[in-house]
Amino acid sequence: MESIEQASQHTSAVRRGLAAAIAVVAVLGSGCGASAGGSSDGDGAADDQKAQTTYSTKAPTGAIDGFTWGLPYGEPQSLDPIKSYGDSENTVLANVCESLQRENPDLSISDGLATFKQQSPTTLVYTVRPGVTFSDGKPLTADDIVYSLERNRDEQLASYWAAPFYNNVRSIEKSSDTEVTVRLSRPDAVFNRMMATAAGAIGERDYIERQGKSYGTPKGGLMCTGPYALDSWQSGSRITLKANDRYWDEKLQPKASQITFSFVTDESTLASALTSGQIDGTYDVPAAAVSQLRETADGGTLTFGAGTSFFAFRPTQRKGPLADVRIRQALSLALDRKAIARVIFQGTAVPSVTPASPGAWSYARKTFQEGYDRLPKPTFDLDQAERLVGQAGNPTATIRIALPADQRVYADTAQALQSNAQRIGLKVKLASLPTNEFNNLYYDPKARRDYDAMAVQEYGAGVAEPIVSLSEFTPLSDYNYGDLRDPAVTDNISLASRTYDDDKRAEAVVAAQAALVKTEGSITVANVLNAVYQGGKITGAPASISFLYYPWAARVGARGG
Amino acid sequence: MLTFVARRLAGLVITLLVSSFVVFGAVYLAPGSPIGYLTGGRTLPPETVASIKAQYHLDDPFLTRYWDWLTGVVHLDFGQSIAFRQDVSSLLAPRIETSLLLVLLSALLIVASGVVLGSIAALRGGRVDTAILLLGSVGIAVPSFVAAIVLITVFAVNLGWFPVFGPGDGLVDRLWHLVLPAIALALSSAAFVSRVTRTAMRAELAREHVETARTRGIPERLVVSRHVFRNALIPITTVGGLAVASLIAGSVVVEQAFGLNGLGQYLIQAVGSKDIAIVQAISLILVTAFVVINTLVDVAYALIDPRVGVRSGSP
C-alpha cells in the first residue's frame, strides 16, 4: 500500500533548483564517504540482511526534557485515525492513540488495548485490557472500542482503512461489558494484524461525538490512551505532544516530557536543521541527506533498520509494449540495481526483484528465506535484454512512464532506466507529474491509460505481512493498477489471506511471490530500508518501520555518556 | 491632489474585482480536482464521493460559487479549507504575519542598502564605484535559493548565529529568524536598485542646474540632497516599487528554503492539493498587495514631483 500523503506537500520548482546543488554534495559525498551501513559496492549482502533484522537503536541512559522531531513529508492532514494513512500522520499518531493490538519494534504482534482470542475461523474476540484510561482519566470500555472500529465502516466518514481491510467484517458487537466480538464473512488472516495499525486505533467515544468533524484537527484534538497526549497543534508550524501521566503500560513509560514535531519538507533545509541540532532526529531520512548525516559533528547516528517498502515501476493496464512479458523482463534486466542502490539511494535501499521486502518476514522466517533464495537474482545484462526485445518483435511504440516530480530518487532512477532502455532498443519517455496529478493515477483508471507504467515507492501499510503488498497485484485489490489477473498470484494470495497457520500461509505467499516475479507484474528495483537519524542528544528510537504504529517516542531518551 | 488619490483608489477597486474573477476562474481551468486529495488517493464507493462533492459544493454552477465567494470575501470570510477543515482566515492569519514581516524587512534592506550603495557609487566614483558595481553583479547573478543554502550553511550551521528554519515566536524572535531569509530575498533586488540609483544620480549630477547650484556656493551636502537626490528619486521609486512588489512572489522560494510557513509556501502547497479556497484567498491577497504597492508608488510620485497629479490627473 502506498503512502500517498508522502508526496503531497512538496514544491517541485524549488526541488529542481536545489536538486542541482544537492547533486553536487551527494556525488562528492558518496565518492569520499565510507560505505558505512546499508550496502556497499555490490557485495553488501551481509550488511543488507543485517539491516533488515535491525529493529532498535542504542538504549537511552536517562530522561530528557524534550526533543524536536522532523516530519519530512510535511504537516499531517489530519490526526483522526480513520484519515491517518501516511508517514506524517502515523509518526505522530502512534504516540498518542493506541490500537487493539500492538505492532512491536521487531514487527511482531502482541496484545495492546485488548487481548485477542480466535474463537473460530470467522469469530475474533477482543477482551478489553483492565485498568486502562484515556488521558482525561475516563476508563476505556468496550463501547469505545466498538464505536472506534465502526467509524471505519461508516461510509459517510470515508475512512482510508475501510477497503480492503474491513471488507470481510460482517459485524462488530459488544458481547459483554469487557468483550467485543468481530464476526467475519470468511476467514481473514490479515485482519488481526491490521488491528495493530491505525485501522484498529481506539479513541474515547464521548469525546469524538462531541468534536464531530473537528476530531483529529487542530481545533478538535484527540482523546486516546497512549504515552503522549496532543498538547497543541499550530497549523503550519508545529505539533507538541506532552507525556501522559495516566499511561497504563509500566514497561513503556515516556522518558521525554515533551515532543515537538517540525514540518520541514525541503531536503536541504532538513539536513541543515539536523546537523545544526535545531531538529534532534527524524524518520524518512531523505536519500540526499544521507551522506551529510553519516558523520555529524555532534555524534549523531544514522541507523538502517527493517522496512517493508519497495521501489518499483508498476505497469498500468495499458496495452502497450509493457503488456508483453518479454519487454518487462528486458527492462528488469536493463536496471543496474546495484549502482542505483549505491548512488541514487545512497545505500538506503537493497536491490531486489520482489515487492515483498525481507523486513516484512515476521513469521515463518525460514519459509520466506528459502522462497527469497529461490527467486532469480537481480541481474544487469544488457545483451540478454536486447535479445528479449528482439524476441518480442522490437516494438517501436514509446513506453511512457509517469513519476512524481517532487523527489529526486524517482527522476534519477527513471532516467537510469531510460538511458539503458535506449541501449537495448526501447523508446522510453518520462512524464514528471506534479503531486496532485500523479496521485490521480492511484485511483482513476482513465488517467492511468495515458501511461505504460508508474514509478512508485510503496510500503505495504507498514505491516510485516507480505500479503498486503502482494495482493495489490491481483483483482482482490483496488490498487491493481496493472489489471493483473494471473491465477498463480491471485489464487495463492486468496488462499493465504484465509490461512491462519503461519507456515502454510507463508508457503502460499511464497508461491504467489514466485509467480509475480516470473511474470514481472512489478518491475521492482529495490527494497527500501527504514532509516532513522538521531542527533547527539537523543537515542532509543526504534530502527524499524514500526514507528508508524508503535509508541516509538516512549523509547527515546538522553544519549548520555 | 485629492481627486488624484480618489481616482487611484477607484482604479484599485476595479482592478481587484477583475482580478478576483480571474483568480476564481483560473482555479477551475486547471486540471485535476480536489476529490483525489479528499479521498487521500484511496478508492471510495460512489455514494461517498457524491456526498463529499455535495459537502464542498463542487458541482454547483460556476457563477453561483463565484457570487457566494465574492460576498463572503467582502466580509473577510474566505470560506473553508478542504484539507484542514478550518476557516481559511484563521489558517492564513499567522502566515500573513510572517510574510508581511519578511517582505517589510527585505524591502527595508533593499531600499536602504540599494539606495545608499548606489549613491556612494555615483558620488565617489573610481575604485569605490567599481567595487560596488562588482558586488552588484554578483548579487544579481546569485539566485535566492542558492543564497539561502550558502547563508544557512555559513551562518546557521557552521557559525550558529541564526536558526536554520522556522518563523519564530514573538516579534524579536521573529525578526531574528527572518534576518537570513530577508538577506537571501533582498540580494538581487538590492543590487538592481543600487544600479538604478547610481545611474539616476549620475544623470542628475551631470545636469546644468547642479553646476549652477555649486557655482552659487550652496554647500555640497545640500546640492546632493535637494538638487541631485530628489530629482533622481522618480526612477529610484519606480524600481524600488517594482522590486518590493516582486518580493511578494519571490518570497515563495525563500519561504520554502527556510521553512518559514508563509503565504507563498502555503500557496504552493494548496495548489498541489487543490485546496481551492486557500488558493483563491492567497491569490487575491497577493494581487491586492501588488496593486496597493503600485498605487502607493503613484501617490509617491505626486509627492516627489509636484508636476505629477496636477496635469489632468495623469499618469
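This briefing covers the nonpolar cores, one enclosed strand, the layout of chain B and some backbone features of chain A. The model is predicted. Its largest nonpolar core holds 106 residues, and a second, separate core holds 64 residues. Chain B has 12 helices and zero strands, while strand β12 of chain A is largely enclosed by the rest of the structure, because 14 of its 15 residues are buried.

**Nonpolar cores**

- Within the 106-residue core, the residues that touch the most other members are A:F67, A:W69, A:I239, A:L241, A:F261 and A:W552.
- Helix α19 of chain A, which spans residues 502-518, gives this core its largest share, namely eight residues.
- The second core is separate from the largest one and has 64 residues, including A:A271 from chain A and B:F162, B:A186 and B:V308 from chain B.
- As a general background, nonpolar side chains in soluble globular proteins tend to be buried together.

**Strand β12 of chain A and its partners**

- Strand β12(A) covers residues 301-315, and 14 of these 15 residues are buried, so the rest of the structure largely encloses the strand.
- One partner of β12(A) is strand β17 of chain A (residues 523-534); the two run antiparallel and are joined by 10 bridges.
- In this pairing, A:F304 has A:A531 of β17(A) as its bridge partner.
- Strand β16 of chain A (residues 453-458) also runs antiparallel to β12(A), with six bridges between them.
- Here A:F313 stands opposite A:A455 of β16(A).
- In a regular strand, side chains alternate between the two faces of the sheet.

**Chain B**

- Read along the sequence, chain B is a succession of helices, 12 in number, with zero strands.
- Its C-alpha atoms fill a box of roughly 85 × 60 × 35 Å along the principal axes.
- Of the 315 residues in chain B, 47% are buried.
- Among chain B contacts between residues at least 6 apart in sequence, 74% join residues at least 24 apart.
- The accessible surface of chain B is about 15,200 Å², and carbon and sulfur atoms account for 70% of that surface.
- Chain B carries 22 positive and 18 negative side chains, with the centres of the two sets 12 Å apart.

**Backbone features in chain A**

- Most residues other than glycine have a negative phi, and most peptide bonds are trans.
- The peptide bond from A:A163 to A:P164 is cis, with omega near 5 degrees.
- A:P164 belongs to helix α5 of chain A, residues 162-165.
- A:A158 is not a glycine, yet its phi is positive, near 50 degrees.
- A:A158 sits in the loop between α4 (142-151) and α5 of chain A, and it counts as buried because its relative accessibility is 5%.
- A:D284, also not a glycine, has a positive phi of about 50 degrees.
- A:D284 is placed in the loop between β11 (281-283) and α9 (287-294) of chain A.
- With a relative accessible area of 19%, A:D284 is buried, since the cut-off for buried is under 20%.

**A buried loop residue, A:T474**

- A:T474 lies in the loop between α17 (466-470) and α18 (487-498) of chain A.
- A:T474 has 0% relative accessibility and therefore counts as buried.
- Apart from neighbours within four places in sequence, A:T474 is in contact with A:N480, A:L484, A:V489, A:T490 and A:I493.

Conventions:
Residues numbered from 1 in each chain as written. Chains lettered and ligands numbered in written order. Predicted model: local features only at pLDDT ≥ 70, side-chain atom pairs only at ≥ 80, totals over all residues. Heavy atoms only, no water. Core = buried A, V, L, I, M, F, W, Y, C linked by side-chain atoms within 4.5 Å. Buried < 20%, exposed > 50% of the residue type's maximum accessible area, 1.4 Å probe, protein only. Helix = DSSP H or I, 4+ residues; strand = E, 2+ residues; numbered from the N terminus. Pairing = 2+ DSSP bridges. Contact = heavy atoms within 4.5 Å. Areas by Shrake-Rupley, 256 points an atom, 1.4 Å probe, with all protein chains shown as cover. Lys, Arg positive; Asp, Glu negative; His and termini not counted. Charge placed at Lys NZ, Arg CZ, Asp CG, Glu CD.
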